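Student: I should like to learn how the features of a structure are read, one at a time. May we begin with the idea of burial?

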Amino acid sequence: EIINMKTGKFFAVLLIILVFYNCATTQFEQNPPFTITSAVYNNWSVKSTANKGKIVNIGYDSKYVVKFDSIYFSKRAEKLTMSKVKDKKMISAIFSSTEKPAIILHENSTKEIHNPLPEIKKMPFELKQNEAIISYKIKDKTKYFKIKSIKKGKTIFYDSIPKQ
């Protein structure tokens with residue numbers, strides 16, 4: 001019984017160390033090879049449908065070519081796309097809250113057996129509502145930069161679902 005208590009305490013301490021180690025391993029870049037010039041998100045909605053979500057637009061300036069990968073925002077992750085608007089460099093992502101696989105609900109529950117299991121992804125970062133993390137690659141190494149103040153813009157109404 002004493003051995004079990006010691007083993008239990010050992011595993012509890014080991015678990016705490018691993019949790020803190022994992023939190024400490026994600027280092028945010030303090031001096032990335034770019035400067036954020038603007039960061040805005042807008043809620044969006046498709047007229048007369050239930051389709052809605054958020055769109056994030058981030059302006060940046062850089063003397064270097066940066067390979068942006070993903071953005072973590074609003075408890076979700078999406079791939080970033082790069083574009084130029086009036087000679088300004090932009091990265092953006094569209095988050096949809098309505099794209100879900102079809103689920104069959106039937107009075108005979110055996111017909112529901114082929115329904116897909118819900119995908120549960122744990123967010124690797126703790127973020128406030130107006131914060132985001134963008135990932136980018138330098139020499140095949142992924143780096144992370146935290147944007148601490150994304151401004152909320154006006155809701156945008158579309159005629160169809162926006163494409164990235």
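Tutor: Certainly. A residue is called buried when its relative accessible area is under 20%, and exposed when that area is over 50%. Please bear in mind that the model before us is predicted.

Student: By that rule, does Tyr-136 count as buried or exposed?

Tutor: Tyr-136 has 0% relative accessibility and therefore counts as buried. For the chain as a whole, 25% of its 164 residues count as buried. The accessible surface of the chain is about 12,800 Å², and carbon and sulfur atoms account for 57% of that surface.

Student: Which helices and strands does the chain have?

Tutor: The chain has one helix and ten strands. Along the sequence they follow the pattern α-β-β-β-β-β-β-β-β-β-β.

Student: How are strands 4, 3, 7 and 8 arranged in their sheet?

Tutor: These four strands make an open sheet in the order 4-3-7-8, with antiparallel pairing. Strand 4 (76-79) and strand 8 (141-147) are at the edges; each has a single partner strand, so one side of each lacks a neighbour in the sheet. On average, neighbouring strands of this sheet are turned by 25° against each other, direction ignored.

Student: How many bridges join strand 3 to strand 7?

Tutor: Six bridges join strand 3 (residues 67-73) to strand 7 (residues 132-138), and the two run antiparallel. For Phe-68, the bridge partner in strand 7 is Tyr-136.

Student: Tyr-136 appears again. How should one read a pair of aromatic rings?

Tutor: Such a pair is described by the distance of the ring centres and the angle of the ring planes. Two rings pair if their centres lie within 6.5 Å, and planes over 60 degrees apart count as edge-to-face. By this rule there are eleven aromatic pairs. In one of them, the rings of Phe-34 and Tyr-136 have centres 5.1 Å apart and planes at 85°, so this pair is edge-to-face.

Student: Where in the chain do Phe-34 and Tyr-136 lie?

Tutor: Phe-34 lies in the loop between helix 1 (2-25) and strand 1, whereas Tyr-136 lies in strand 7. The two residues are 102 residues apart, and their pair links distant parts of the chain. Phe-34 has 5% relative accessibility and therefore counts as buried.

Student: What kind of pair do Tyr-60 and Phe-68 form?

Tutor: Tyr-60 and Phe-68 form an edge-to-face pair, 4.8 Å centre to centre with 65° between the planes. Tyr-60 is buried because its relative accessible area is 7%, and Phe-68 is buried because its value is 9%. Together with Phe-34, Tyr-136 and Phe-145, Tyr-60 and Phe-68 form one aromatic cluster.

Student: Let us turn to contacts. Which residues does Ser-45 touch, leaving aside its neighbours within four places in sequence?

Tutor: Ser-45 is in contact with Asn-51, Lys-52, Ile-156, Phe-157 and Tyr-158. Ser-45 belongs to strand 1 (residues 35-46), and it counts as buried because its relative accessibility is 18%. Among contacts in the chain between residues at least 6 apart in sequence, 58% join residues at least 24 apart.

Student: Why should one consult the pLDDT before reading details?

Tutor: Where pLDDT is low, the predicted coordinates should not be read in detail. Here the mean pLDDT of the chain is 79, and 69% of its residues reach 70 or more. Over residues 21-25, however, the pLDDT is below 50, and beyond near neighbours in sequence this stretch has zero contacts in the model.

Key
Residues are numbered from 1 along each chain as its sequence is written. This is a predicted model: local features need pLDDT of at least 70, side-chain atom pairs count only at pLDDT 80 or more; totals for chains, interfaces and linings use all residues. Side-chain values use heavy atoms; hydrogens and water are left out. Buried means under 20% relative accessible area, exposed over 50%, partly exposed in between (1.4 Å probe, protein chains only). Contact means heavy atoms within 4.5 Å. Two strands pair if DSSP finds at least two bridges between them. Axes are lines fitted to C-alpha atoms, for helices over the stretch in contact, and angles run from 0 to 180 degrees between N-to-C directions. Accessible areas come from the Shrake-Rupley method with a 1.4 Å probe; for residues, only the protein chains shown count as cover. Rings of Phe, Tyr and Trp (its six-membered ring) pair if their centres lie within 6.5 Å; planes under 30 degrees apart count as stacked, over 60 as edge-to-face and the rest as tilted. pLDDT is the predictor's confidence in each residue, from 0 to 100.
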